[in-house]
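User: Hi! I am new to protein structures and would like to learn how to read one. Could you walk me through it?

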Amino acid sequence: MWVTILFVGYYFYLDQALPKPERISYSAFKEAVTDGEVESATFKLDQIRGQYLNSDDANRGFVTTIPGTPDSSLLPLLEEKNVTIIAETISNPTWLQLLIGIAPWLFLAAFFVYSSRMLQQRMGKGAGGGLFDFNRSRARLFEHDDQDVSFEDVAGLDSAKQDLREIIEFLKFPERFQSLGAKIPRGVLLMGSPGTGKTLLARATANEAGVSFFSVSASEFIEMYVGIGASRVRDMFAEARKKAPALIFIDEIDSIGRIRGTGVGGGHDEREQTLNQILAEMDGFRGDEPLIVLAATNRPDVLDPALLRPGRFDRKVVLELPQKNARVEILKVHMRTVPTAPDVDVEELGGLTTGFSGADLANLVNEAAILAARHDEKKVTRADFTEAHDKVVMGSERPDLLLPSERRRTAIHESGHALTAMLLPESDPIHQVSIIPRGRALGVTEQLPVEDRHNYSQPYVEARLAVMLAGRVSEKLILGSISSGAADDLEQATRLARLMITQWGMSTEIGPVHFHDGGEHPYLGYELTQQKDYSEQTASKIDAEVKRIVEQAEQTTFSILEANQALLGRLVDELIKHETLDRAAVERIVHP
Ligand code: ADP
Ligand code: MG
Ligand code: ZN
């Protein structure tokens with residue numbers, strides 16, 4: 001850029017500094033010739049430059065343009081007036097021509113050298129390597145080292161770890177299996193919700209096995225240049241073969257491994273080619289190579305069936321959300337580096353964190369540590385953990401937001417939820433009720449299951465529905481009016497009722513049938529192939545049934561709260577006074 005600016009500047013300087021000939025019209029020129037004032041005329045293309053006779057400024061001349069139609073009278077006239085005639089050749093000097101011809105190519109070559117250098121630098125490679133180096137795989141090779149995570153650092157997930165130990169055996173002692181004619185599995189698919197520890201487990205596996213470990217995120221195969229993905233795959237597998245025994249880890253494989261040929265946005269050719277290349281490479285494994293591909297996904301349902309057939313990713317390891325014991329273990333792992341006060345009860349914390357993933361738990365410990373640091377404490381206390389938990393589950397407090405009348409309505413609403421949950425034996429016990437606004441909610445009633453549930457019985461679901469509707473019913477009962485505050489409750493209740501009818505067969509009207517819900521993941525291109533599989537009549541029947549079930553639940557709740565209106569009133573007063581009531585406090589009011 002500087003060079004260009006310099007050149008342009010120099011050009012303008014010359015343009016200004018050099019004397020410029022005066023531009024005159026052709027007739028003025030001819031007149032001057034006729035008057036005998038012109039000394040010489042230089043012809044070049046359609047221009048004539050010339051000098052005046054006896055001009056005081058020696059350098060100053062004039063320039064004019066020859067008209068398009070040839071003027072045959074000009075030359076005789078010039079000769080007659082004794083003007084020196086000079087004709088210049090049109091063509092530029094050869095060196096200039098050469099330069100003009102070559103310059104663009106020089107520029108292009110320089111650009112390529114430069115950009116491939118930049119690319120190399122970004123890939124963290126040193127000198128060497130060709131000009132067009134960007135089809136190299138970006139897989140990072142991790143050598144075994146003691147610093148890295150081991151199975152010790154992965155808490156819970158016992159069955160997954162067991163499966164992976166077997167894989168490690170394959171890598172370490174392939175002969176043992178080959179002597180019995182068993183083939184080494186080629187691919188292992190880790191499936192689990194986000195944050196369940198898939199990436200963590202893959203790293204730990206490689207470290208435990210002590211083999212070469214290639215790690216790549218599937219999206220890194222895809223670049224803006226077509227064909228790069230496939231060649232990167234080829235490159236990575238070739239590299240891994242050289243270093244065998246080796247483990248290749250492809251993270252987030254669903255980004256290239258989606259069902260081919262479907263999807264809004266088109267069957268992405270590049271993605272498809274990359275996937276095909278992976279499949280081809282895996283088919284090309286000879287039985288005796290100690291080379292195993294680990295892949296992770298949180299969307300196994302959208303994966304191409306070709307990936308899942310035997311001979312490819314035929315081993316599947318499922319990582320579940322952690323149960324209570326596992327949660328306690330995970331919390332312990334993350335508390336190893338955090339100094340905790342003696343009053344912190346890990347067991348209790350494990351019980352309070354139903355539905356948390358490993359990543360959520362790690363986040364919880366971190367939040368607590370941050371709070372402790374903010375409070376200037378030496379150790380992380382129980383209060384910090386409680387605060388962190390509430391913050392993670394319900395959002396930060398916004399204490400100054402409620403008008404007194406709104407506070408009363410919120411207290412009535414939340415008391416309704418809480419009292420119904422206390423009175424229905426099937427319902428999950430409550431953990432706390434609060435009318436401190438957090439995040440988007442004006443108040444919260446938090447329920448905690450005693451056990452992690454895997455299966456919902458119909459009475460449990462019905463009780464849940466009743467508790468969801470109880471906030472609104474309570475407002476109607478005490479204040480005689482309803483408010484917009486129950487929108488979320490209604491949405492959840494409607495969704496639950498629809499699930500009861502279409503998926504769980506809990507409606508006698510519709511019967512034990514499963515209906516596919518058409519519109520679930522349109523952007524994945526998977527559900528598109530599975531249209532809504534019921535008629536319009538059934539659809540309207542389902543809608544009517546949803547309405548009936550929700551209304552019936554509302555009736556039940558109304559009669560429960562009406563029969564216990566005195567209790568409800570007392571709960572409201574206590575809640576307005578204390579803002580937050582824990583389970584014991586609610587228990588004292590309801591069962592004194
Ligand atoms: P994903 O399944 O989305 O790949 P990660 O493996 O990246 O999840 O997990 C994110 C973080 O959560 C990890 O770095 C770790 O700190 C924590 N974590 C998840 N599961 C566990 C576990 N079982 N034991 C210990 N920490 C875990
Ligand atoms: Mg991950
Ligand atoms: Zn509510």
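Analyst: Happily! Let's begin with a word we will need: two residues are in contact when heavy atoms of theirs lie within 4.5 Å. Keep in mind that this is a predicted model. Take T557 as a case: leaving aside its neighbours within four places in sequence, T557 is in contact with T420, A466, A470 and V473.

User: Where does T557 lie, and is T557 buried or exposed?

Analyst: T557 belongs to helix α19, which covers residues 536–563. To call a residue buried, we ask for under 20% relative accessible area. T557 has 0%, so it counts as buried. Its side chain also reaches the backbone oxygen of A553, at 2.7 Å.

User: What does the protein look like as a whole?

Analyst: Start with the secondary structure: there are 21 helices and 14 strands. The protein has 592 residues, and 41% of them count as buried. Next, look at contacts between residues at least 6 apart in sequence: 72% of these join residues at least 24 apart. Finally, the protein exposes about 32800 Å², with carbon and sulfur atoms supplying 54% of that area.

User: How do I read a metal site? Which residues are the protein donors of the zinc ion?

Analyst: Look for the atoms that lie around the metal. For the zinc ion, ligand 3, the protein donors are H413 (NE2), H417 (NE2) and D489 (OD), at 2.0 to 2.1 Å. Along the chain these donors follow the spacing H-x3-H-x71-D.

User: Why are H413 and H417 separated by about one helical turn?

Analyst: Here is the general idea: an α-helix has 3.6 residues a turn, so residues three or four places apart point the same way. In this structure, H413 and H417 are 4 residues apart in helix α16 (residues 404–423), so about one helical turn separates them. Both H413 and H417 are buried.

User: What is in contact with H413 from another helix?

Analyst: One case is E475, in helix α17 (residues 458–479). Leaving aside neighbours within four places in sequence, the contacts of E475 include H413, R409 and I412. With R409, the side chain of E475 makes a polar contact of 2.6 Å. E475 is buried too, with a relative accessible area of 2%.

User: How do I read a single helix, such as α7?

Analyst: Compare its length with what you would expect. Helix α7 (residues 198–209) has 12 residues and spans 17 Å from first C-alpha to last, close to the 16 Å expected at 1.5 Å a residue. Then ask which residues are buried: among them are K198, L201, A202 and A204. The cover over the buried residues of α7 includes the helix α5 (158–172) and the strands β7 (187–192) and β8 (212–217). After α7 comes G210, whose phi is positive, near 70°.

User: Which residues come nearest to ligand 1?

Analyst: There are 16 residues around ligand 1, and A155, G195, K198, T199 and H334 come nearest. Now check the polar atoms: a polar side-chain atom of K198 is 2.8 Å from an oxygen atom of ligand 1. Polar backbone atoms take part as well, with G197 at 3.1 Å from an oxygen atom of the ligand and T196 at 3.4 Å. The protein covers 79% of the 560 Å² of accessible area that ligand 1 has on its own. Two or more residues of the shell come from each of α7, α12 (324–335) and α14 (358–374).

Terms used: Residues are numbered from 1 along each chain as its sequence is written. Chains are lettered from A and ligands numbered from 1 in the order in which they are written. This is a predicted model: local features need pLDDT of at least 70, side-chain atom pairs count only at pLDDT 80 or more; totals for chains, interfaces and linings use all residues. Side-chain values use heavy atoms; hydrogens and water are left out. Donors are N, O and S atoms within 2.8 Å of the metal (3.2 Å for Na, K and Ca); water is not among the atoms, so sites may look incomplete. Buried means under 20% relative accessible area, exposed over 50%, partly exposed in between (1.4 Å probe, protein chains only). The expected span of a helix is 1.5 Å times one less than its number of residues. A residue is near a molecule or strand if one of its heavy atoms lies within 4 Å of it. A polar contact is a pair of N or O atoms within 3.5 Å; within protein, one must be able to donate a hydrogen and the other to accept it, and residues adjacent in sequence count only if both atoms are side-chain atoms. Accessible areas come from the Shrake-Rupley method with a 1.4 Å probe; for residues, only the protein chains shown count as cover.
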